[in-house]
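Reader: I should be grateful for a close look at a single part of this structure, namely the places where one chain meets its neighbours. Please explain it in terms that a first-year student can follow.

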Protein chains: 4
Amino acid sequence: MIVSLKQSADPAAVLRALASRGLWVSQVEQGAGGAQCHYVIAPHSAAVKVDELAAIEGVSGVTTAKATHPLVERQGPVVDVGGAKIGAGSPAFICGPCSVESKEHVSLLARRLSALGVSFLRGGAFKPRTSPYSFQGHGVVALRWMREAADATGMRVVTEALSETDVPAVAEHADVVQIGSRNMHNYALLKAVGRAGRPALLKRGMAATLDEWLKAGEYLLSSGAPSVIFCERGIRGFDDATRNLLDLGAVALLVHVHRLPVIVDPSHGAGRRDLILPLGRAALAVGAAGLMIETHDDPPSALSDGPQAVPLEAMEGLLRELDASARAAVRRCEY
Amino acid sequence: MIVSLKQSADPAAVLRALASRGLWVSQVEQGAGGAQCHYVIAPHSAAVKVDELAAIEGVSGVTTAKATHPLVERQGPVVDVGGAKIGAGSPAFICGPCSVESKEHVSLLARRLSALGVSFLRGGAFKPRTSPYSFQGHGVVALRWMREAADATGMRVVTEALSETDVPAVAEHADVVQIGSRNMHNYALLKAVGRAGRPALLKRGMAATLDEWLKAGEYLLSSGAPSVIFCERGIRGFDDATRNLLDLGAVALLVHVHRLPVIVDPSHGAGRRDLILPLGRAALAVGAAGLMIETHDDPPSALSDGPQAVPLEAMEGLLRELDASARAAVRRCEY
Amino acid sequence: MIVSLKQSADPAAVLRALASRGLWVSQVEQGAGGAQCHYVIAPHSAAVKVDELAAIEGVSGVTTAKATHPLVERQGPVVDVGGAKIGAGSPAFICGPCSVESKEHVSLLARRLSALGVSFLRGGAFKPRTSPYSFQGHGVVALRWMREAADATGMRVVTEALSETDVPAVAEHADVVQIGSRNMHNYALLKAVGRAGRPALLKRGMAATLDEWLKAGEYLLSSGAPSVIFCERGIRGFDDATRNLLDLGAVALLVHVHRLPVIVDPSHGAGRRDLILPLGRAALAVGAAGLMIETHDDPPSALSDGPQAVPLEAMEGLLRELDASARAAVRRCEY
Amino acid sequence: MIVSLKQSADPAAVLRALASRGLWVSQVEQGAGGAQCHYVIAPHSAAVKVDELAAIEGVSGVTTAKATHPLVERQGPVVDVGGAKIGAGSPAFICGPCSVESKEHVSLLARRLSALGVSFLRGGAFKPRTSPYSFQGHGVVALRWMREAADATGMRVVTEALSETDVPAVAEHADVVQIGSRNMHNYALLKAVGRAGRPALLKRGMAATLDEWLKAGEYLLSSGAPSVIFCERGIRGFDDATRNLLDLGAVALLVHVHRLPVIVDPSHGAGRRDLILPLGRAALAVGAAGLMIETHDDPPSALSDGPQAVPLEAMEGLLRELDASARAAVRRCEY
């Protein structure tokens with residue numbers, strides 16, 4: 001946003017009027033001979049109405065940049081997943097194992113989780129692994145196992161598509177198609193998932209700006225996805241004391257400024273099982289629509305990411321604590 | 001931490017036993033001829049007892065690295081500031097203007113804030129500014145104004161020392177001496193503040209690792225500071241949509257693993273007044289001992305950082321909301 | 001790498017012996033009762049022989065981590081692309097437009113570039129764009145235009161595959177299949193490109209560690225690619241004064257420690273046409289096997305990335321300067 | 001920079017005219033009703049003359065931001081240090097131990113280095129160490145040792161001031177006062193060093209933007225320093241394969257756009273002795289005015305940073321190689 005000044009303006013007075021509305025001036029631009037003066041407003045300024053600024057004494061004009069992700073801006077904060085709402089009030093819990101390991105296994109987990117009130121079953125059939133020599137997931141058969149486990153318990157399935165060629169199979173079995181962090185910039189996959197016509201859960205790329213994330217959402221919506229749920233799972237940091245750097249400021253921005261549904265994944269965010277409760281609470285307090293939490297009945301035998309999985313027997317306590325926090329968080333943003 | 005295996009061990013079984021305790025193996029080390037095998041445990045693993053690991057079948061030994069900040073590790077989560085406790089239960093609010101502007105001004109703010117139950121008055125007498133041509137603070141006289149305003153209202157003073165030579169004056173007038181983000185690595189200042197014998201509030205450097213932050217605390221304690229309060233205010237990010245990148249994962253780690261008192265500064269964390277409530281809530285939910293919030297009776301006329309200051313008339317509502325959130329956050333970490 | 005000490009060792013003497021070989025000890029690990037002492041060697045240490053360390057007095061054993069990208073380690077620094085070598089001595093220049101715009105256009109560029117001694121023609125038929133509303137490339141027809149232009153001039157074609165489904169067409173027309181920065185973690189694409197059996201040029205992801213980059217190369221080789229050329233084009237930085245942050249330290253490491261062929265892309269690295277010469281020189285001086293440079297006969301009319309394109313009429317001077325620098329850089333690494 | 005359009009302008013034609021000059025448009029700003037249209041030019045654009053842009057058809061006006069570091073912009077690329085020039089042609093080598101260890105030791109190093117043609121002797125009397133328990137330097141006495149060693153050999157002394165109170169002593173003994181990376185934002189120290197009236201060598205902060213770095217230089221010059229030499233030593237990265245992330249793109253920008261003298265420190269840049277030659281070559285090729293290299297006659301016994309020190313007996317070969325590269329780098333920037 002640029003606020004232009006009249007020749008007759010008192011620049012300091014305009015500056016004060018902008019500051020009073022929470023606007024930072026990142027640059028003062030001046031024409032040769034002082035003919036023109038523009039204030040460039042920094043992106044990290046509070047949201048304000050253009051009309052209000054245009055009416056400030058001494059302001060000759062206000063310009064704004066056109067939204068580059070119009071469909072995302074229009075979507076709104078509530079998403080419907082086969083009748084279950086995300087973003088409508090009580091938090092959505094998306095739980096399950098990192099990898100789907102067997103039919104019996106995912107069925108057991110679904111029964112136990114649904115008994116605890118968890119409505120969304122997550123699990124990896126296709127796993128993006130840094131090394132080609134790591135376990136890559138059981139593939140299509142695991143999709144079927146998840147679908148059956150979910151159907152038997154009334155849960156919805158959230159699972160990742162890694163390859164364009166797998167999208168039809170994933171979309172057939174899943175209620176929500178997940179795009180992993182490593183694929184946020186994979187535009188071919190985004191288009192394929194969009195065409196499949198399912199709600200998508202879009203994890204943020206490891207070093208993606210918010211603008212890039214929103215535009216990746218725009219790829220999904222403009223290709224046919226009915227809705228996008230954003231998921232923050234931590235970005236690349238410089239400190240190995242946590243696995244990733246969970247950016248709850250970005251969540252605040254997407255929720256309160258862009259009015260979008262955001263899920264937070266504290267399992268990947270910290271990589272430490274012992275921080276999932278405090279980070280989960282913080283995520284709900286900041287306005288997240290729900291949490292994605294890796295769980296396992298027997299973490300030591302998990303085929304991937306065991307150390308960050310919450311043991312199934314601890315889930316009841318964890319969810320109770322998180323639910324209590326969520327009820328307490330009224331999530332009003334005005335004061 | 002390194003877990004060494006016996007020749008006879010089943011490596012996969014040991015791996016499972018480690019995963020079940022929330023430990024990530026970051027590296028598998030092997031001697032020539034397979035004679036030795038070590039598992040190097042990643043720093044982002046859950047905290048565990050060494051004895052428990054040593055007892056795992058197949059483990060021949062466990063080694064750990066000596067704490068490099070022993071005084072910090074010993075301090076504990078509660079700090080006494082002239083009789084007022086930080087970290088003892090209800091959140092500490094540290095509020096006031098970015099810069100102390102006049103005797104009347106800081107006195108007015110102190111009366112209004114203390115009436116709202118705020119116990120700590122913040123304000124800059126010496127301001128670290130990126131440009132030498134920006135307002136640098138009113139200096140020593142502003143320290144006196146703050147002290148008088150605080151004494152008249154029963155508040156404690158938190159203010160920053162920028163220069164070693166100013167430390168004695170700052171320590172004379174302040175209850176807590178603040179070290180700003182830009183000076184976290186300024187060891188001469190840390191030693192001078194330590195020698196002054198006051199509790200210190202240590203902001204994290206813009207790109208400081210947690211280890212560097214803790215060691216900066218060690219400089220303070222080993223030079224004579226009675227206690228250190230850590231303060232997270234956002235690190236340098238790559239996205240200009242927020243002013244800084246608030247790292248609540250680091251707060252979780254310092255609070256729940258290192259058991260230290262941490263204050264969060266959502267004003268600098270986001271730079272956006274409209275995100276202070278959700279980020280403040282998140283900070284309390286994650287376990288912060290309190291919040292530092294910039295406020296001003298007339299943000300447009302603030303001498304610095306006006307756009308992020310919460311108008312005084314909005315503080316009552318903001319604090320009420322934050323207090324409610326804090327009461328709801330039971331801050332239990334086990335489940 | 002871990003160096004373990006005998007009970008009888010003088011720890012300080014061993015430390016000195018390690019330092020004298022350029023090794024940093026990142027952690028000193030101690031068993032309970034002092035029974036065991038390990039030195040963990042930091043990754044940013046000089047490369048040394050294990051035998052030499054094992055022979056140091058007081059050392060009881062040395063362990064190392066198994067290479068996690070064995071095929072990449074085995075490849076070597078020279079790659080053959082249809083008879084043209086990359087990494088064999090004189091620098092490879094890979095030049096052409098950001099997007100292939102028309103048959104005539106790419107043919108003109110190929111004639112002009114080959115006359116300047118450029119052997120590799122680059123150009124985008126499929127373009128990864130942050131916004132779904134930006135020009136996405138002319139697709140398959142542009143591949144044919146490039147092939148014809150290259151065949152007419154004896155050049156090799158380097159072009160990007162964005163989608164798994166396009167890989168066969170790209171591999172049919174290209175001599176080298178490029179994986180873009182945004183797709184470095186797109187394992188489905190890496191496997192598809194590997195299966196196509198062409199040399200691959202693998203750009204580094206925006207926030208990829210060197211280990212992740214090397215493992216992405218391992219995906220290519222283990223899926224069937226005959227060779228991988230690595231390409232550094234700048235990672236995500238926090239400063240908008242340059243478009244990206246060109247990491248020539250990473251290039252030095254891949255070239256001199258891992259002995260791999262690395263191409264540097266100074267066009268994306270800086271985003272500024274006026275820094276392509278100094279950064280190009282630096283890249284060759286650090287040991288890069290060649291440069292990828294965007295050029296255009298008429299930058300203002302370029303369909304994408306015009307501002308960083310070098311005008312065709314300036315290429316002759318630029319290449320002459322770069323060639324002179326390259327000849328001067330003897331690229332010996334011992335001294 | 002903002003380029004404003006006439007109502008009658010053809011926006012696409014103006015865009016092309018900007019691109020042809022290497023300018024990126026980062027934002028298109030539009031007034032309500034389409035009354036105004038501004039193009040905001042991205043910082044990573046090529047440098048151009050305002051007049052030339054104002055003359056483009058359809059452009060109604062061009063504004064620019066006032067330089068926020070006018071003294072730095074005015075300084076120029078050549079700095080005089082007691083008669084020795086930095087930035088005037090042949091590269092300046094600033095060599096010596098990390099810490100000054102004894103009178104004899106620094107005297108030996110000075111004799112050996114000056115015999116190799118090195119004109120600047122570096123060495124730490126005061127050492128900024130992450131831990132309060134590490135060796136902190138021999139202090140004032142080490143300054144005297146350095147001065148004597150330099151005087152006996154005709155060298156200039158470059159050494160760091162850590163504390164405001166030490167600045168007078170450092171300035172008395174040194175020809176150039178160094179500000180370390182950790183103190184780039186320490187404005188009290190910058191002012192004290194400026195007042196001392198010596199040329200300053202200003203290392204870039206670990207996460208400092210170029211604008212912050214230039215403004216720190218402005219602190220020095222506006223406080224009285226006769227000149228500032230900038231020094232890039234690597235910023236904080238996310239990859240532990242190198243000790244720091246050497247940002248040669250920043251060097252290119254300071255040298256070729258801001259026309260400033262920049263020294264590069266490849267010892268800290270990589271932390272690896274085996275990459276000093278290629279990174280040193282790259283630094284000279286990109287336009288650095290010289291190199292700072294840690295050396296030691298007996299690296300194993302170095303009191304700090306031994307692993308990155310180049311053994312004295314290898315310095316001759318290293319300097320010969322670097323000199324040859326430098327002579328070859330004509331450092332013309334136009335082509």
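Author: The following account takes chain B and describes its contacts with chain A and with chain D, before turning to cavities and salt bridges. The model is a predicted one.

The size of an interface is often given as the accessible area lost when the parts come together. For chain B and chain A, this buried area is about 5,500 Å², and 67% of it lies on carbon and sulfur atoms. The contact draws on 64 residues from chain B and 64 residues from chain A. Twelve residue pairs are in polar contact across the interface of chain B and chain A, counting pairs with both residues at pLDDT 80 or more. On the side of chain B that touches chain A, at least two residues each are supplied by α1 (11-19), α9 (248-257), α11 (276-286) and α12 (312-328) of chain B. Of the elements of chain B, α11(B) gives the most to this side, with seven residues. When the residues of the side of chain B that touches chain A are sorted by class, 35 are nonpolar, 13 are polar and 16 are charged. The number of salt bridges found across the interface of chain B and chain A is nevertheless zero.

The second interface is that of chain B and chain D. Here about 2,600 Å² is buried between the two chains, with 54% of that area on carbon and sulfur atoms. Chain B contributes 31 residues to the contact, and chain D contributes 31 residues. Between chain B and chain D there are 20 residue pairs in polar contact, again with both residues at pLDDT 80 or more. Three helices of chain B, α3 (70-75), α7 (187-196) and α8 (210-222), each provide at least two residues of the side that touches chain D. The largest share of that side comes from α8(B), with five residues. By class, the side of chain B that touches chain D comprises twelve nonpolar, eleven polar and eight charged residues.

Side chains of opposite charge can pair when their charged atoms come close. Two salt bridges are found across the interface of chain B and chain D. In one such pairing, Arg236(B) meets Glu212(D), with their closest N and O atoms 2.7 Å apart.

Arg236(B) also has a place in the description of the cavities. Rolling a probe the size of a water molecule over the atoms shows where empty space is left. A search of the whole structure yields seven cavities of 30 Å³ or more, and the largest cavity holds about 370 Å³ of space. Its lining consists of 27 residues, and those nearest the centre are Arg236(B), Arg236(D), Phe238(A), Phe238(B) and Phe238(C). Sorted by class, the lining of the largest cavity has 19 nonpolar, four polar and four charged residues.

Over all chains, the structure has 52 salt bridges. One example within a chain is that of Arg147(A) and Asp175(A), with 3.0 Å from N to O. This pair links distant parts of chain A, 28 residues apart: Arg147(A) belongs to helix α5 (residues 140-153), whereas Asp175(A) is in the loop between α6 (167-173) and β10 (176-179).

Notes. Residues numbered from 1 in each chain as written. Chains lettered and ligands numbered in written order. Predicted model: local features only at pLDDT ≥ 70, side-chain atom pairs only at ≥ 80, totals over all residues. Heavy atoms only, no water. 1 Å grid on protein atoms, 1.4 Å probe; cavity = no way out; pocket = protein on both sides within 12 Å on 5 of 7 lines; lining within 4 Å. Points joined across faces, edges and corners; volume = space filled by probe spheres on them. Nonpolar A, V, L, I, M, F, W, Y, C, P; charged D, E, K, R; others polar. Contact = heavy atoms within 4.5 Å. Buried area = accessible area lost by both parts, 1.4 Å probe. Salt bridge = Lys/Arg side-chain N within 4 Å of Asp/Glu carboxyl O. Polar contact = N/O pair within 3.5 Å; in protein donor to acceptor, adjacent residues only side chain to side chain. Helix = DSSP H or I, 4+ residues; strand = E, 2+ residues; numbered from the N terminus.
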